Amino acid sequence: MRAVVTATDFPEIRSEEAFVGEGPMNFRDLSRNVMARDKVLYEGHAVAAVAAISPIIAAEALELIEVEYGLLPHVIDVEAAMQPRAPLLHDDLFTQGIEPKPERPSNISKRVTFAKGDAEAGFHQAAVIVSRRYTTQPVRSRAGGWFGS
């Protein structure tokens, strides 16, 4: 075996957004997803990595790693997660895009509003208004995490 690493072997990355690929990416959030630091965020979230000279030695090293998990309060429904008293995924996430700046953290990362024209006038002028609500079920990713609501 060559090495075993956990998130504590890597430096803390400060919250910093940069445009990468299709849009802004927060490097701290990206690093938190690579390997669990303070808490495991989803089933399958890596807590350690092993480097070894063969798959057999790597498997033996993995068997020696012991992890104790404690179940945290959680929600998997998006709307429940947005409620003011919902269990927090990140204790240091404050909703961006609203004034005044929130005093308490929440599960809502950012609020973005797009507006064009007079929506109320448009509704009054419309011959037909169709209003529907669509939801999807959670979908398990190949990596083991859950997406959707």
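How much accessible surface does the chain have, and what percentage of it belongs to carbon and sulfur atoms? The accessible surface comes to about 12,600 Å², and 57% of that belongs to carbon and sulfur atoms. Keep in mind as you look around that this is a predicted model. Here is a short tour, going from the whole chain down to single residues.

**Overall build**

- The chain contains 4 helices and 6 strands.
- Starting at the N terminus, you will meet these elements in the order β-β-β-α-β-α-α-α-β-β.
- With a radius of gyration of 21 Å, the chain is more spread out than a compact globule, because the globule rule gives 15 Å for 149 residues.
- If you lay a box along the principal axes, the C-alpha trace spans about 70 × 35 × 30 Å.

**Inside and contacts**

- Of the 149 residues in the chain, 14% are buried.
- Take the contacts in the chain with a separation of 6 or more: 37% of them are between residues 24 or more positions apart.

**A hairpin to find**

- Strand 2 covers residues 17–20 and strand 3 covers residues 23–26, and these two strands pair in the antiparallel sense over 4 bridges.
- To see one of the partners, start at Glu-17 and look across to Asn-26 in strand 3.
- The hairpin has 2 residues between the strands, and Gly-21 takes a positive phi near 70° there.

**Rings and a charge**

- How many aromatic pairs does a search of the whole structure find? The search finds 0.
- One ring does have a charged neighbour: Lys-101 lies over the face of Phe-94, at 5.6 Å from the ring centre.

**Two loop residues to visit**

- His-74 is found in the loop between helix 2 (55–64) and helix 3 (78–81).
- Is His-74 buried or exposed? His-74 has a relative accessible area of 54%, and exposed means over 50%, so His-74 counts as exposed.
- From His-74 to His-124 you travel 50 residues in sequence and 42 Å in space, C-alpha to C-alpha.
- Thr-135 is found in another loop, the one between helix 4 (119–125) and strand 5 (139–140).
- Thr-135 counts as exposed too, because its relative accessibility is 55%.
- Thr-135 and Asp-118 are 17 residues apart in sequence, and their C-alpha atoms are 27 Å apart in space.

Terms used
Residues are numbered from 1 along each chain as its sequence is written. This is a predicted model: local features need pLDDT of at least 70, side-chain atom pairs count only at pLDDT 80 or more; totals for chains, interfaces and linings use all residues. Side-chain values use heavy atoms; hydrogens and water are left out. Two strands pair if DSSP finds at least two bridges between them. Rings of Phe, Tyr and Trp (its six-membered ring) pair if their centres lie within 6.5 Å; planes under 30 degrees apart count as stacked, over 60 as edge-to-face and the rest as tilted. A charge sits over a ring if NZ of Lys or CZ of Arg is within 6 Å of the ring centre and within 35 degrees of the ring normal. The radius of gyration is taken over C-alpha atoms; the globule rule is 2.2 Å times the number of residues to the power 0.38. Buried means under 20% relative accessible area, exposed over 50%, partly exposed in between (1.4 Å probe, protein chains only). Contact means heavy atoms within 4.5 Å. Accessible areas come from the Shrake-Rupley method with a 1.4 Å probe; for residues, only the protein chains shown count as cover.
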